[in-house]
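Colleague: I am new to this structure. Could you take me through it?

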Amino acid sequence: MTLLLLLCLLGVASASTSNEESFIGVNIGTALSDMPSPTQVVALLKAQNIRHVRLYDADRAMLTALANTGIHVTISVPNDQILGIGQSNATAANWVSRNVIAHVPATNITAIAVGSEVLTTLPNAAPVLVSALKFIYSALVAANLDAQIKVSTPHSSSIILDSFPPSQAFFNRTWNPVMIPLLKFLQSTGSHLMLNAYPYYDYIQANGVIPLDYALFQPLQPNKEAVDANTLLHYTNVFDALVDASYFAMSELNFTNVPVVVTETGWPSKGDSNEPDATTDNANTYNSNLIRHVLNNTGTPKHPGIAVSTFIYELYNEDSRPGPVSEKNWGLFDENGVPIYILHLTSAGTVLANDTANQTFCVAKEGADPKLLQAALDWACGPGRVDCSPMLQGKPCYEPDNVIAHATFAFNSYYQRMAKSLGACDFKGVAAITTTDPSHGSCVVLGSVGRNGTFTNTTSLAPSSNSTTTSGCPVPYSAPVGAGSFTASLIMCILVVSMMAL
């Protein structure tokens, strides 16, 4: 997919061993009107306990932001570079030099994905796809990085024909001249087959043949489970059937020890009128059940207990993507890092498990110097990128119109958007953490359970430190104190940003 940055947890699964643990991860699209900075993206990854990421390219800024984090990184060769790399060993070596060697070991690069769905989206590059993989791998060998970094290429599940029953599945034989040498390469290098699997599309294209519960990992009565008549294996969900179809398709070509990693899967939370099953509830159900299924190391009916690491599509909603409404709504978060829905996960430390019980807030300290409070308030509403518009005159959080109340709103918004991370509630000593909800009247702060019971906790993104630099909106750090100074500063900020955009 174009303009995508995939961020995901990657586990190198092996079909020949059963002691590896699966990982779950997410894709992050960049077709957003206000894309978070690399530093902000990394802050969200940390807050959500995502320890493995995959980029759809090899963006230098992202690789720099990921340095010294310990996060495992998979980078990608964009589709438009495959023809050049696949025809020139020197071009491949140069790519590895610029995008890999320049960043390791500070950035923990562990895999390279060469293209994405090349056979179905860029068939003219298919003849050189395997050469591109081999040339990239040779450059890694020359740099003594081949043991650390694996090389593969993601495929659409549409290249697998007759996918149910899975035991009858086979790759589209048109692509055998590519798939056979590709699988030989993956087998010889200990790499994995990357598969993009979307039960949502299988469900909607089946015109009612596939039950919704079967697509969503929901419990089924035994008589409702799908049974492969050839193997007598029972399938309780579409996801497992698609993964096993890829295993059987490889077996049909006599490859039985290449593991599978699902590089894309998910469910849209909103769709057009002709997409009635693209709902928040269905998206939450699918992704919550998927995470539990993968992290439990359930495996598949064909390979029970074998790791199937999986990347959820996607982290952010992409409001700038073309196409139907569903194309813009696969995300778990909006561009500010606010959850589209709270996943049904409760285990402490679990990836993407939003903790709705740990309610803490950041407030202005009693007795703090008003000048220091005003300076910190101005920073939060400027370089700190807090949305302070609710404190404008006539808005819910304008009253009481004093620096303590306004600072509390801004401090808490920054704290919640930084996922309550260490140091996010300090502001040079004028802020403190409390368990008392500072909401009042119609002013409901982030992290609060509102009057209607709606949880407003967020893990959205803001700058990673309380820097007083004036990049972005240059709000003065030593703004004058006064009841109306916040409004004046905010108006000045908006004017400056507007002028900069011209």
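Modeller: The overall make-up comes before one helix pair and one loop residue. This is a predicted model, in which local features need pLDDT of at least 70, side-chain atom pairs count only at pLDDT 80 or more, and totals for chains, interfaces and linings use all residues. Residues are numbered from 1 along each chain as its sequence is written, and side-chain values use heavy atoms, with hydrogens and water left out.

Colleague: How many helices and strands are there in the protein chain?

Modeller: The protein chain has 14 helices and 16 strands; these are DSSP runs, with helices being H or I of at least four residues and strands E of at least two, numbered from the N terminus.

Colleague: And how much of the chain counts as buried?

Modeller: Of its 502 residues, 52% are buried, meaning under 20% relative accessible area with a 1.4 Å probe, protein chains only; exposed means over 50%, and partly exposed lies in between.

Colleague: Now the helix pair: how do the axes of H12 and H13 cross?

Modeller: The axes of H12 (residues 370–381) and H13 (residues 403–417) cross at roughly 40° and come within 9 Å. Axes are lines fitted to C-alpha atoms, for helices over the stretch in contact (heavy atoms within 4.5 Å), and angles run from 0 to 180 degrees between N-to-C directions.

Colleague: Which residues make the contact?

Modeller: Among them are Leu373 and Trp379 of H12, and Ile404 and Phe411 of H13.

Colleague: Where is Pro105 found?

Modeller: Pro105 is in the loop between helix H4 (89–101) and strand E5 (108–114).

Colleague: Buried or exposed?

Modeller: Pro105 counts as exposed because its relative accessibility is 76%. Its C-alpha is 8.7 Å from that of Asn68, although the two residues are 37 apart in sequence.
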